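Reader: I am new to reading structures. Could you take me through a single part of this one, step by step?

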Amino acid sequence: MNKFDITSEQIQLVVTEFYSRIRSDQELGPIFNAAIGTSAADWRAHEAKIASFWRNAAGLDRSYSGNPMLVHVKNSKVQPEHFSRWLRIFRDTAEDILPDGAAHGLADLADRIGQSLAMGIGQFRERHGNAPNLRSS
């Protein structure tokens with residue numbers, strides 16, 4: 001069941017434009033490029049996965065499989081303070097592309113998720129001192 005009025009196509013538009021903006025952001029761009037890569041194929045794969053995440057979060061489908069907290073915790077370059085900038089770019093993108101109801105619904109959902117990730121990363125690193133090594137032995 002949808003949590004607000006949005007389509008899969010609208011989510012894809014937001015994801016594509018959002019990552020275009022992220023890649024050109026002086027602060028976040030280098031972090032994302034290091035984590036994802038710089039080729040068009042790397043970004044298409046990432047955008048497909050993240051669009052699946054947002055469709056799942058919005059209640060459109062259940063195609064996403066992954067653990068966003070784990071992914072962000074294990075990347076030591078991602079800091080809790082990055083999320084406020086990430087969320088501002090995401091909200092601006094949604095508001096520029098979507099009708100008001102969909103923009104606010106998606107951006108509000110992103111705020112809750114982003115704040116949770118930032119808090120979780122901060123708490124984990126306080127307890128453990130740094131990001132874990134999650135590679136298999």
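What follows is a close look at one helix and then at the salt bridges.

Author: Keep in mind that this is a predicted model. Start with helix H3, which covers residues 40–57. Helix H3 has 18 residues. From its first C-alpha to its last it reaches 25 Å, close to the 26 Å expected at 1.5 Å a residue. Just after it comes Gly59, whose phi is positive, near 85°.

Which residues of H3 are buried? Toward the start of the list stand Trp43, His46, Glu47 and Ile50. Then come Ala51, Ser52, Phe53, Trp54, Arg55, Asn56 and Ala57. What covers these buried residues includes helix H1 (8–24) and helix H2 (29–36). Helix H4 (68–74), helix H5 (82–97) and helix H6 (100–128) are also among the covering parts.

Now pick out Glu47. Its side chain meets that of Arg23 in a salt bridge, at 3.3 Å from N to O. This pair links distant parts of the chain: Arg23 sits in helix H1 and Glu47 in helix H3, 24 residues apart. Is each partner buried or exposed? Glu47 is buried, with a relative accessible area of 9%. Arg23 is partly exposed, at 32%.

That bridge belongs to a longer list, as the structure holds 10 salt bridges. Another joins Glu27 and Arg85, with the closest N and O atoms 3.6 Å apart. Glu27 lies in the loop between H1 and H2, and Arg85 lies in helix H5, so the pair ties together parts that are 58 residues apart in sequence. Glu27 is partly exposed, at 37% relative accessibility. Arg85 is partly exposed too, with a relative accessible area of 35%.

Stay in helix H5. Asp92 forms a salt bridge with Arg88, and the closest N and O atoms are 2.6 Å apart. Why can this pair be described by a helical turn? Asp92 and Arg88 are four residues apart in helix H5, so about one helical turn separates them. An α-helix has 3.6 residues a turn, so residues three or four places apart point the same way. Asp92 is partly exposed, at 29%. Arg88 is partly exposed, at 42%. Salt bridges that share partners also join Arg91, Glu95, Asp108 and Asp111 into one network.

Finish with Thr93, which has its place in helix H5. Thr93 is buried, with a relative accessible area of 0%. Leaving aside residues up to four places away in sequence, Thr93 touches Val14, Glu17, Phe18 and Arg21.

Conventions. Residues are numbered from 1 along each chain as its sequence is written. This is a predicted model: local features need pLDDT of at least 70, side-chain atom pairs count only at pLDDT 80 or more; totals for chains, interfaces and linings use all residues. Side-chain values use heavy atoms; hydrogens and water are left out. Helices (H or I, at least four residues) and strands (E, at least two) are DSSP runs, numbered from the N terminus. The expected span of a helix is 1.5 Å times one less than its number of residues. Buried means under 20% relative accessible area, exposed over 50%, partly exposed in between (1.4 Å probe, protein chains only). Contact means heavy atoms within 4.5 Å. A salt bridge is a side-chain nitrogen of Lys or Arg within 4 Å of a carboxyl oxygen of Asp or Glu.
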